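Q: I am new to this one and would like a close look at a single part of it. Could you walk me through one sheet and its surroundings?
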Amino acid sequence: MEVMLTVEGLEKSFKDKKALKGISFDVRKGEIMAILGPNGAGKSTTIRNIMGIMYPDNGTINFHHHNGKEIPRNKIGYLPEERGLYKNVKVMDILLYLADLKNYPLDKAKARVLEYLKKFDLEGKENVSVEELSKGMGQKVQFIGAVLHEPELLILDEPFSGLDPVSQEIFKDEIRNLANKGTAILLSSHQMNLVEEMCDRLFMIQNGQKVIYGTLDEVKTKYANFKCTVHGKNDIRDLENIPNVQRIEQDGSATVLHLDKDVEPVSWLKNLPDHLNVQELKINRISLHEIFVDIATDKNLIQEEGEVNA
Ligand SMILES: Nc1ncnc2c1ncn2[C@@H]1O[C@H](COP(=O)(O)OP(=O)(O)OP(=O)(O)O)[C@@H](O)[C@H]1O
């Protein structure tokens, strides 16, 4: 896949706080790439550097064979984390204004606004003033503003926050649709289930540094060990000596045994004690959400495994 955006060795400090400590990744045509990390990890700082809202202390950003200030930002669409549109302006007017800023033809923009309003359940709202819209409606309008000019790279910072489940589905469909048409998408989100559903690759940062970078499949194979959940009244001491168990969590009558990497679940099951009280038993791989929590809370994954490198 053709590389659209390359970020190389990005460093950024705020006074004596080093927010980015050498961030490198790329985003390719037609893919959805997630940028993940706990609060304060450096996601928005990375995005703001790409957008030229601030400039890095060190490192390069390359888009369309252009660097830094030369980057043609009219080929980029951006939904910032901070939402906000001019309040006293009609929906159509603000969207045409945004399209004009990107040098996009206004007749084409007008037709696309009407198309998008229909797609986003906002048909007939083109002459409504922005201040009359609900928060979610405003977010949809801002999303339209980010994609109206047919950008080749679309950067979405927390696009799903504050949306109801129906609106989330609409956004998901449209983001997938844009990727299928070739748009390179960089998406920051804390909703791991959506990331897991949608993204091709992911880049996870913590304290301004890369901790994971790879395809969803690579990350899952490397980090998503099996876990065995047993429902039934059991004494944790009976389970402590079972081989290949990394750690045990107990919550009421549910016991979760986190297994070592590369454990073959069928043969491992034979190690369970005969007297185990089993009302229900499930074996599955841990989710991206659990991988994220393990990393963010400094559990054992990263220290043991190092990194996945794409
Ligand atoms: N303008 C600024 N001045 C000083 N420090 C800043 C500034 N912007 C960000 N930081 C610091 O840089 C670090 C990274 O912040 P950033 O906003 O990039 O994190 P984030 O991963 O986007 O977090 P969140 O998920 O909470 O939005 C944090 O420690 C933050 O306090």
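In what order do the four strands of the open sheet stand, and is their pairing parallel or antiparallel?

A: Happy to help! A word on the model comes before the sheet. This is a predicted model, in which local features need pLDDT of at least 70 and side-chain atom pairs count only at pLDDT 80 or more, while totals for chains, interfaces and linings use all residues. Residues are numbered from 1 along each chain, as its sequence is written.

Now to your sheet. The order is S2-S1-S4-S5, and the pairing is antiparallel. S2 and strand S5 (66-67) are the edge strands; each has a single partner strand, so one side of each is left without a neighbour in the sheet. The names of strands (E, at least two residues) and helices (H or I, at least four residues) refer to DSSP runs, numbered from the N terminus. Two strands count as paired if DSSP finds at least two bridges between them.

Let's cross the sheet from the S2 side. Strand S1 (residues 3-14) is joined to S2 by nine bridges, with the two running antiparallel. One pair to look for is phenylalanine 14 and its bridge partner in S2, lysine 17. S1 also pairs with S4, again in the antiparallel sense, over five bridges. Here leucine 5 has phenylalanine 63 of S4 as its bridge partner. Two bridges then link S4 to S5, which also run antiparallel. Asparagine 62 is bridged to asparagine 67 in S5. S4 and S5 form a hairpin with two residues between the strands, where histidine 64 takes a positive phi near 55°. As you follow any of these strands, it helps to know that in a regular strand the side chains alternate between the two faces of the sheet.

A helix belongs to this picture too. H1 lies across S1, S2 and strand S4 (58-63), running at about 115° to S1. That angle is taken between N-to-C directions on a scale from 0 to 180 degrees, using axes fitted to C-alpha atoms, for helices over the stretch in contact. Contact here means that the C-beta atoms of two residues, placed from the backbone, lie within 7 Å.

S2 and H1 also lead us to the ligand. Strand S2 (17-28) and helix H1 (43-50) each supply at least two residues of the shell around the ligand. The largest share of that shell, three residues, comes from H1. Among the residues around the ligand are Phe14 and Lys17, the bridged pair we met where S1 joins S2. The others are Ala19, Gly37, Asn39, Gly40, Ala41, Gly42, Lys43, Ser44 and Thr45. A residue is near a molecule if its C-beta atom, placed from the backbone, lies within 6 Å of it. By class, the shell has three nonpolar, six polar and two charged residues. In this grouping Ala, Val, Leu, Ile, Met, Phe, Trp, Tyr, Cys and Pro are nonpolar, Asp, Glu, Lys and Arg are charged, and the others, Gly among them, are polar.

Another group of strands is worth a visit. Strand S3 (residues 32-36) runs parallel to S9 and is joined to it by four bridges. Isoleucine 35 stands opposite phenylalanine 203 in S9. Five of the six residues of strand S9 (residues 201-206) are buried, so it is largely enclosed by the rest of the structure. A residue is buried if 20 or more other C-beta atoms lie within 10 Å of its own, exposed if 12 or fewer do, and partly exposed in between, with C-beta atoms placed from the backbone. S9 also pairs with strand S10 (residues 209-215), in the antiparallel sense, over six bridges. In that pairing, isoleucine 205 is matched with lysine 210 of S10. Two residues lie between S9 and S10 in their hairpin, and asparagine 207 in the turn has a positive phi of about 50°.

Finally, let's step back. The protein has eleven helices and 14 strands. Its C-alpha atoms fill a box of roughly 75 × 45 × 35 Å along the principal axes. Of the 310 residues, 31% are buried. The domain assignment gives domain 1 (3-220) and domain 2 (225-285), and their C-alpha centres lie 41 Å apart. Those bounds come from an automatic or database domain assignment.
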